[in-house]
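Subject: Structure for you to look at

Hello,

I am passing on the structure we talked about, and below it I have written out what I found, going step by step. Please keep the model open while you read.

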Amino acid sequence: MFLMVLVFFLLLWLSVTNGGKTTLARNLQRQLPNCSIISQDDFFKPESEIEIDENGFLQYDVLDALNMEKMMSTVHSWMKNSQHATGLPDSESTEGVYILIIEGFLLFNYKPLDTIWNRSYFLTIPYEECKRRRSARVYVPPDPPGYFDGHVWPMYQKHRREIDDITYNIVYLDGTKSERDLFLQVYDDLIKELVKTKCKYCLIKLG
């Protein structure tokens, strides 16, 4: 007789804008079996519903700009569907483990996620590198002049201060490292955690 305990291993993947979280999530997905990704960026509200501050900047870097209830519904649907999977995992491998990576920029700041995650990572990059990467990307709508310094970076600093008050363990990652080095660091850490917990289902949250 087997007593199966359903465990969701939530890896919170958070970073400042253009910190490399999506790239890292996709690299992990290619190497981990039964791995899915949910991106917070897919849950932005329409531009017409985004508030505008006194400087005329659209307030995209706040929780109110996101339909977080819809995102949570998507997460719970994945969890529910994964319960129908069969087979016991080998405690020495990831075979039979179902993994969900949630990646975003405002995940630690959303309390309902605190009840389901098990592992959290935060990618950090310095101001100069962040601004360089941001300027190299094309956004719709495009960033207006002064948007990074007037909204994006100040909001990141605000949310970072909130994260600094969190008491649970967060693994901080240097986003200036190469893609391969970041992947190997997280992959090794994740495999050790999976073996340690011998979980059947793993939920990874990125931010």
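The model is a predicted one, and confidence varies along the chain: among its elements, strand β6 (residues 201–205) has the lowest mean pLDDT, at 50, whereas helix α3 (residues 127–135) has the highest, at 91. Across the whole protein chain the average pLDDT is 79, and 79% of the residues score at least 70. Two stretches call for caution when you read the model. Over residues 85–94 the pLDDT is below 50, although the model gives this stretch 19 contacts beyond near neighbours in sequence. Residues 1–8 also stay under 50, and for them the model has 15 contacts beyond four places in sequence.

As for the overall layout, the protein chain comes to 5 helices and 6 strands, and, starting from the N terminus, these elements follow the order β-α-β-α-β-β-α-α-β-α-β. Of the 207 residues, 47% count as buried. If you take the contacts with a separation of 6 or more, 82% of them join residues that are 24 or more positions apart.

A good place to look next is the meeting of two helices. The axes of α3 and helix α4 (residues 147–164) come within 12 Å of each other and cross at roughly 115 degrees, and the crossing is right-handed. On the α3 side the residues involved are Tyr127, Cys130, Lys131 and Arg134, and they meet Tyr147, Phe148, Asp149, Val152 and Trp153 of α4. Sorted by class, this contact has 6 nonpolar and 3 charged residues, with no polar ones.

Cys130, which belongs to that contact, is buried, because its relative accessible area is 0% and the cut-off for buried is under 20%. Cys35 also counts as buried, since its relative accessibility of 11% falls under that 20% limit. The structure holds 0 disulfides.

Finally, is Glu103 buried or exposed? This residue lies in strand β3 (residues 98–104), and Glu103 is buried, because its relative accessible area is 2%, where buried means under 20%. Glu103 also shows how the chain brings distant positions together: the C-alpha atoms of Glu103 and Ala25 are separated by 7.3 Å, while the two residues are 78 residues apart along the chain.

Best wishes

How values were computed
Residues numbered from 1 in each chain as written. Predicted model: local features only at pLDDT ≥ 70, side-chain atom pairs only at ≥ 80, totals over all residues. Heavy atoms only, no water. pLDDT = per-residue confidence, 0-100. Helix = DSSP H or I, 4+ residues; strand = E, 2+ residues; numbered from the N terminus. Contact = heavy atoms within 4.5 Å. Disulfide = S-S within 2.5 Å. Buried < 20%, exposed > 50% of the residue type's maximum accessible area, 1.4 Å probe, protein only. Axes fitted to C-alpha atoms, helices over the stretch in contact; angles between N-to-C directions. Left-handed = near helix turned anticlockwise from the far one by under 90°. Nonpolar A, V, L, I, M, F, W, Y, C, P; charged D, E, K, R; others polar.
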